[in-house]
Amino acid sequence: MGSKAKLRHLEWDSNFFGQSIANLEINNEINHELDLNGYSLIQCKVPCDNYVQINNLQECGFSLSEGEIDFSLTVLSYDIDISLASVDDSSQILEICDDAFVFSRFRAPWFSEEQANVFYQTWAKKAITGEHDDCCLILKENNIIKGFITLKCLPFGEARIGLILVSNKYQRQGVSQKLLSMANQYCINKNISKLFVATQISNKAAINTYIKHGFQVNTLSYWFYKKNDSI
């Protein structure tokens, strides 16, 4: 798609979903030599104000999947205890994940509901063991997990929230704010000064939660997908 456009095969995604998936990185020009039909699914994220790229994608058969807001926060110490999830907590965490990620770009018609559920459950399991995200923090009272949050440490004193989820039984009880405070404290303990998190533009509850906690908008983007049913 641009003179420097390139397709990058996503090996883990392809193996997990059982289809060939690639990520497209584009410039502002269309590159007609780029083969956009060699994968069953191609994803591309572009800034929401780059109308040239958006038009190019639509001309090449891409469809809008979801808008994304990326937030950033300079972390503060909350002087609170944090609780790391263990393998013994897995069953409760996976139960919270089940059918919970309504706002996601991993949705129909590109992915089935079952695929999305397994994807997020796998993500959570790997965070518990430190295989994907570095940790999974939980809010647990009387042996009941009310919610969890996962974090991945990045270079240059930064970290990113991967998943944050509150059990349906404990919605609207301030659990998400407590989890974000725990994430802040985890970052302080690790000498991390900047925390990032992304959510879908359609997820108004999450947006309000992050703003209430002091996060500021960093970037606004759109995710586009191109699906080739013949592959």
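In this predicted model, the residues Asp13, Phe17, Ile21, Leu41, Gln43, Arg105, Phe106, Phe111 and Tyr225 line the largest cavity. The space enclosed there amounts to about 40 Å³. A search of the whole structure for cavities of 30 Å³ or more returned one. Two elements, α1 (11–17) and β3 (41–47), each contribute at least two residues to the lining of the largest cavity. Sorted by class, this lining comprises six nonpolar residues, one polar residue and two charged residues.

Strand β7, which spans residues 158–166, contains Ile161. This residue has a relative accessible area of 3% and is therefore classed as buried, the limit being under 20%. When residues up to four places away in sequence are set aside, the contacts of Ile161 are with Ile149, Thr150, Leu151, Leu180, Leu195, Phe196, Val197 and Phe215. Ser20, by contrast, lies 141 residues from Ile161 in sequence, and the C-alpha atoms of the two residues are separated by 27 Å.

Strand β7 also holds Arg160, which takes part in a salt bridge with Asp70 of strand β4 (residues 63–74). In this pair the closest N and O atoms are 2.7 Å apart. The bridge links distant parts of the chain, as 90 residues separate Arg160 from Asp70 in sequence. The two partners fall into separate accessibility classes: Arg160, at 29% relative accessibility, is partly exposed, whereas Asp70, at 7%, is buried.

In total, the structure holds six salt bridges. Another of these joins Glu25 to Lys6, with 3.9 Å between the closest N and O atoms. That distance satisfies the criterion for a salt bridge because the limit is 4 Å between a side-chain nitrogen of Lys or Arg and a carboxyl oxygen of Asp or Glu. Here, too, distant parts of the chain are linked, since Glu25 belongs to strand β2 (residues 21–25) and Lys6 to strand β1 (residues 6–9), with their positions 19 residues apart. Glu25 is partly exposed, at 33% relative accessibility, and Lys6 is likewise partly exposed, at 48%.

A further salt bridge is formed by the side chains of Lys146 and Glu141, with an N to O distance of 2.7 Å. Lys146 has a relative accessibility of 14% and counts as buried. Its partner Glu141 is partly exposed, with a relative accessible area of 32%.

The cysteines were examined for disulfides, and a search of the whole structure found zero. Cys97 is in no disulfide, the nearest cysteine sulfur being that of Cys136, at 8.3 Å. For Cys187, the closest cysteine sulfur is in Cys153, at 6.9 Å. This separation is too far for a bond, because a disulfide requires the two sulfur atoms to be within 2.5 Å. Both Cys97 and Cys187 lie under the 20% limit and so count as buried: the relative accessibility of Cys97 is 1%, and the relative accessible area of Cys187 is 0%.

Notes
Residues numbered from 1 in each chain as written. Predicted model: local features only at pLDDT ≥ 70, side-chain atom pairs only at ≥ 80, totals over all residues. Heavy atoms only, no water. 1 Å grid on protein atoms, 1.4 Å probe; cavity = no way out; pocket = protein on both sides within 12 Å on 5 of 7 lines; lining within 4 Å. Points joined across faces, edges and corners; volume = space filled by probe spheres on them. Helix = DSSP H or I, 4+ residues; strand = E, 2+ residues; numbered from the N terminus. Nonpolar A, V, L, I, M, F, W, Y, C, P; charged D, E, K, R; others polar. Buried < 20%, exposed > 50% of the residue type's maximum accessible area, 1.4 Å probe, protein only. Contact = heavy atoms within 4.5 Å.
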